[in-house]
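I opened the notebook today to go through this model chain by chain and to write down what I looked up. The entries follow the order in which I checked things.

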Amino acid sequence: MSLNFLEANNIISVENELETKKFILAASGQVEKLDVFLKANCILNSFNCQYTTLPFNTLQQYISTASECEKEHVFLLFPWDVFPEADWRTGVTLGDFSFDEAQDRIDDLIKKINCFTSSHVFYIPARTLPVTFNYELSQQIEHQIILSLLKINATILAENYFSISSYLANGCAISSKKLSDVSSAIAGSLIVKRNSSSKKILFTDFDNVMWRGVIGEDGVDGIQCDAEGAGYTHFIYQSYLLKLKSQGILIAGITKNDDELASLPFRCEKTLFKASDFVTLSASYHAKSSQIKQILIDLNLDVDSAVFIDDNPIELEEVKNKLNDICCLAFPTKDEGFPDFIGQIQRYFNLANVTEDDKKRTELYKTRYKSSIINTEQGANLTEYLKSLQMQLTIKQCDATNFHRTLQLINKTNQFNLNGMRLTDTEIIELINKENTLFLFTLADKFGSHGQIACVILSENKDVEYFVMSCRVFQRQIEYAIIAWLIKHLKLPELKLNFQRTPKNIPFQMMIDNDLYTINSSSVLKLDTTSYMDKYKNILNLFEVDVDI
Amino acid sequence: MQDIEQIVKEILSAVFKVSSSSSIESLSMATETSWDSMKQLTLITALENEFDIFIEAAEAANLTSYEIIVKFVSNHSEMD
């Protein structure tokens, strides 16, 4: 992910408890400028980094002596690390060499790098000074460097990552605009141990991963995963899952939805990846870490053989927190991050070969796999993580001029919905005119705005008639905060809610499934506000609450 | 111009760990004891990255206060 300086600085300013990876960053030039970006990109990949660098212009000496070769190294190379004659800082030198002599130099460098048992090699094919008498020969040598480095699994970065201005001015050959891109490549490489065996199973979320959109809100006609438009990257992702499956990798679907809704896009032939391509599909409102754990137990696979992909940082944090050895990847929110994302997946599923048996692995596991019980084990405690998100909850009272988003939420939301009741424009205006109160809730966090995500309508008697929340913001404890705020605002000993069970409002049913709530003989749901505030007294501390009433 | 001032303030706040607006506006190498060569390097990196400009070594050495930095960035932005 490409970060600017302030974004990177914000990321590294937040305390975390991630594990720390240590390595030596070996480059001939100045690399201190990478520091903020490297640390931030490592955190985005769920680890902290601690690294040492070499004194300026000592790389050749360092790799020749091959000291500390058992430690993890990141080599950041330029053409002049092979041919010092190509270095802009020394000016053009006299002397010349043939292609064979050039190849000897390249082989010598590679032999020295191979002495380092755990190394990640990056190469920026910067333009160089003329090193031979012949332009075409110089070009051939430049290409030969790349081909030779590719044989040792080096990552070839883009030529435009090089900045001659910066290199001549202060010895840092990397353009200031590309510091984050270089850091992102390094961080991505460090999360996969070199020569580690391929992972075996990929768990994929559905909404905004398999397709653009949320099936519960947008419906099957509103989600996009075609080879055009907004769904294009999701189409490509599905096509890659098909390829992985054909290579023997198991693909499991894991989604917070009811079964019928989750499988709807597949039944409607909307997707390239079919329901039958999954080894299993888990649709449940329980913690994803619990579902993943259960599936791994049922398939007799280890946690460290799994990769989990989701677009929601909260879900990723929850799973990583509970299942330390799983590898988690965020589905990119911007298309520019997509190539790196696919590259990351490829590193995790790095196969030496594919056999005929591999190709049948999904079917083989499906015959062995018995339908799993739903694992209701509690998910990870995310309080500290949620605090680090710096969430801002804005509460606005709506009137007859600005109720439209409230109406949309009530009519589109099925899952976190108090009673499933819908309203028309006319009906909502009538409610407003009869002194019902509409509250609209907007959420933002350090990553940006999530828009208007929940609404509540109170009757004249201050009973909760409508309460809906977008499923995009599940797991953030917002529903509990909204109730806590209502209790403080209304100052009532008891809150009544017009609850009705529907086939789809399971998340709401789960929220009220405890002793705080009671249903009387007239099916009115009541909440003991004192007990609620005892239990959730700190919930509003997770948010900066801004009230516009 | 207001955007430039705001971003420069955020950069200085990040580099020198100063939060109040008035402290940032009066920040200078002459008075800020933590303003060393490493901080200067980080500052220049941040300015180049955030504003997509290149700062020559000679120019970098002169960027020693909030006011000078804002003026410099504004001039470069206009020239671009």
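**Entry 1: confidence.** I began with chain A, whose mean pLDDT is 90, with 98% of its residues reaching 70 or more. I kept in mind throughout that this is a predicted model. When I asked where in chain A confidence is lowest and where it is highest, I found the low end in helix 16 (residues 383-388) of chain A, with a mean of 84, and the high end in strand 6 of chain A, at 98.

**Entry 2: make-up of the two chains.** I listed 21 helices and 19 strands for chain A, whereas chain B has 5 helices and 0 strands, so that its elements, read from the N terminus on, run α-α-α-α-α. For burial I noted that 40% of the 549 residues in chain A are buried, and that 24% of the 80 residues of chain B count as buried. I then looked at contacts between residues at least 6 apart in sequence: in chain A, 74% of them join residues at least 24 apart, and in chain B the figure is 53%.

**Entry 3: the sheet with strands 1 to 5 of chain A.** I traced an open sheet of 5 strands in chain A, ordered 2-1-3-4-5 and paired in parallel. Its edge strands are strand 2 (48-53) and strand 5 (155-156) of chain A, each of which pairs on one side only. I followed strand 1 (residues 20-27) of chain A in more detail and found that it pairs with strand 2 of chain A in the parallel sense over 6 bridges. Which residue of strand 2 of chain A does A:Lys21 stand opposite? I read off A:Cys49 as the residue facing A:Lys21. I also saw that helix 7 (residues 179-190) of chain A lies across strand 1, strand 3 (72-77), strand 4 (118-123) and strand 5 of chain A, and that this helix runs at about 155° to strand 4 of chain A.

**Entry 4: the sheet with strands 6 to 10 of chain A.** I found another open sheet of 5 strands in chain A, in the order 8-7-6-9-10, with parallel pairing. Strand 8 (280-283) and strand 10 (327-330) of chain A each have a single partner strand, so one side of each is left without a neighbour in the sheet. Direction ignored, neighbouring strands here are turned by 20° against each other on average. At one edge, strand 10 of chain A pairs with strand 9 (residues 306-310) of chain A in the parallel sense over 4 bridges, and A:Val307 stands opposite A:Cys327. Helix 12 (residues 313-322) of chain A lies across strand 9 and strand 10 of chain A, running at about 175° to strand 10 of chain A.

**Entry 5: A:Ile201.** I picked this residue in strand 6 (residues 201-204) of chain A. Why does A:Ile201 count as buried? I found 25 other C-beta atoms within 10 Å of A:Ile201, and the cut-off for a buried residue is 20 or more. Leaving aside neighbours within four places in sequence, I listed its contacts as A:Ile249, A:Leu250, A:Ala252, A:Leu301, A:Ser305 and A:Ala306. I also noted that A:Gly248, 47 residues away along the chain, has its C-alpha atom 9.1 Å from that of A:Ile201.

**Entry 6: where chain A touches chain B.** I counted 12 residues from chain A and 13 residues from chain B in the contact. On the side of chain A, helix 1 and helix 6 (164-170) are the elements that give two or more residues, and by class this side has 4 nonpolar, 5 polar and 3 charged residues.

I then looked at the helix pair: the axes of helix 1 (residues 5-13) of chain A and helix 1 (residues 2-16) of chain B come within 10 Å and cross at roughly 35°, and the crossing is left-handed. The residues making this contact are A:Phe5, A:Leu6 and A:Asn9 from chain A, with B:Glu10, B:Ile11 and B:Ala14 from chain B, and they divide into 4 nonpolar, 1 polar and 1 charged.

**Entry 7: B:His76.** I closed with this residue in helix 5 (residues 66-79) of chain B. B:His76 is partly exposed, because 17 other C-beta atoms lie within 10 Å, a count between the limits of 12 or fewer for exposed and 20 or more for buried. I noted that B:Ile55, 21 residues apart from B:His76 in sequence, is 9.5 Å from it in space, C-alpha to C-alpha.

How values were computed
Residues numbered from 1 in each chain as written. Chains lettered and ligands numbered in written order. Predicted model: local features only at pLDDT ≥ 70, side-chain atom pairs only at ≥ 80, totals over all residues. Axes fitted to C-alpha atoms, helices over the stretch in contact; angles between N-to-C directions. Left-handed = near helix turned anticlockwise from the far one by under 90°. Contact = placed C-beta atoms within 7 Å. Nonpolar A, V, L, I, M, F, W, Y, C, P; charged D, E, K, R; others polar. Pairing = 2+ DSSP bridges. pLDDT = per-residue confidence, 0-100.
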